[in-house]
Amino acid sequence: MQYDLAVIGGSFAGLSAAIQVARAGRKVLVIDAGRPRNRFAEHSHGFLGHDGRAPGAILDDARRQLLAYPTARVVDGRADKALAAGSSEFEITTEGGETFGAARLVLATGVRDILPEVAGLAELWGKSVLHCPYCHGYEVSGGPLGVLATGPMSMHQAQLITDWGDVTLFGNGLFEPDTEQMRALESRKVRFEPTSVAELEEDGSGGLIVHLDDGRKAGVRAMFTAPRNIMASPLAEQLGCGFTEGLLGTVISVDDRQQTTVPGVYAAGDAARSMHNIAFAVSGGTFAGVCAHQSLVFG
């Protein structure tokens, strides 16, 4: 056994878990592929003490702080295999062929967004096409905003975002409100546009031009959307962890101590909860690290 804890994923949840156990003097390994979900965003907002900083800069500081502890190690690379190697040991193999053993695992592997197939959208993701009003709403508030439907949950998103601006919900052929839903939208002054969106284009001033299939155009300061998520890593499935259907995709099932259905395997961050932002990831990662450490002490 090489490590007390191996953390797969070195973003906000993973580093938060690792530092708790390193501070207890335990040997901790973090394996990080270097592809955090929010790498497309230039700035992070709403995270206490770091409002407006680049997410990568926050992570760089966090990694340096973790590595100041002599029992902590970070390996750059993707972990692509994990298995139980005994009653209290796990084996992790990287794509480069390195194999590590650990008594406990924290899966902070994140999710991957399946973006709507609209021309121009992927290039603008994290810039003027956004998913979280709490993370980015203030910066684009006070004018016309769009919500690009991905399904029924988009109605909830449109109603919520009216606190930041004048909202148009673009059905995009994926959502058509019934009479009751239309009344609910109207009560929040949400306009509904049934025509599909053909393309999103920058307008030269930080906003967007929304090109509709029928040739019409609309201007918005930003477009919000709620893409479906899939696991960014196969490790939870390989280990036999259970999953739960979340709001926008499956999440790893965890109990009230962040432990998965596999004893000794914990999970945190976007892969283990439906609501996503940095603060939630840090909170979940911190608790996963604490609980993993306590399981080493008390069994």
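**Exercise 1. The three-stranded sheet**

Work out how the strands S12, S13 and S14 are arranged in their open sheet.

*Solution.* Start with the order: the three strands form an open sheet that reads S12-S13-S14, with antiparallel pairing. Keep in mind as you go that this is a predicted model. Next, find the edges: strand S12 (197-202) and strand S14 (217-220) each pair on one side only. Then take the angle: neighbouring strands here are turned by 25° against each other on average, with direction ignored. Now look at one pair in detail. S12 and strand S13 (residues 208-212) run antiparallel and are joined by five bridges. To pin down the register, pick Glu 201, which stands opposite Ile 209 in S13.

**Exercise 2. The five-stranded sheet**

Find the strand order of the open sheet that contains S8 and S11, and explain what marks its edges.

*Solution.* Begin with the order again: five strands line up as S8-S15-S9-S10-S11, and their pairing is parallel. Strand S8 (129-130) and strand S11 (191-193) each have a single partner strand, so one side of each has no neighbour in the sheet. As a reminder, strands of a sheet pair through backbone hydrogen bonds, either parallel or antiparallel. Moving inward, strand S9 (residues 143-148) runs parallel to strand S15 (residues 222-225), and four bridges join them. For a concrete pair to display, choose Gly 146, whose bridge partner in S15 is Met 223.

**Exercise 3. The largest nonpolar core**

Identify which elements build the largest nonpolar core and which one gives the most to it.

*Solution.* First, the members: this core has 27 residues, and those with the most contacts inside it are Leu 5, Val 7, Val 28, Val 30, Leu 66 and Val 106. Second, the elements: two or more residues come from each of strand S1 (3-8), helix H1 (12-22), strand S2 (28-32), helix H2 (55-67), strand S3 (72-76) and helix H8 (278-298). Third, rank them: H1 gives the most, with eight residues.

**Exercise 4. The second largest pocket**

Describe the volume and the lining of the second largest pocket.

*Solution.* Take the volume to begin with: the second largest pocket holds about 450 Å³ of space. Its lining has 21 residues, and His 131, Leu 247, Leu 248, Ser 274 and Met 275 are the closest to its centre. Now sort the lining by character: eleven residues are nonpolar, eight polar and two charged. Finally, turn to the helices. Helix H4 (133-136) and helix H5 (153-161) each supply at least two lining residues, and H5 gives the most, with four.

Methods:
Residues are numbered from 1 along each chain as its sequence is written. This is a predicted model: local features need pLDDT of at least 70, side-chain atom pairs count only at pLDDT 80 or more; totals for chains, interfaces and linings use all residues. Side-chain values use heavy atoms; hydrogens and water are left out. On a 1 Å grid over the protein atoms alone, a cavity is a set of points where a 1.4 Å probe fits but cannot get out, and a pocket is an open set with protein on both sides within 12 Å along at least five of seven lines; lining residues have an atom within 4 Å of a point. Grid points are joined across faces, edges and corners, and a volume is the space filled by probe spheres set on the points. Ala, Val, Leu, Ile, Met, Phe, Trp, Tyr, Cys and Pro count as nonpolar, Asp, Glu, Lys and Arg as charged, and the others, Gly among them, as polar. Two strands pair if DSSP finds at least two bridges between them. Axes are lines fitted to C-alpha atoms, for helices over the stretch in contact, and angles run from 0 to 180 degrees between N-to-C directions. A nonpolar core is a set of buried Ala, Val, Leu, Ile, Met, Phe, Trp, Tyr and Cys residues joined through side-chain atoms within 4.5 Å. Buried means under 20% relative accessible area, exposed over 50%, partly exposed in between (1.4 Å probe, protein chains only).
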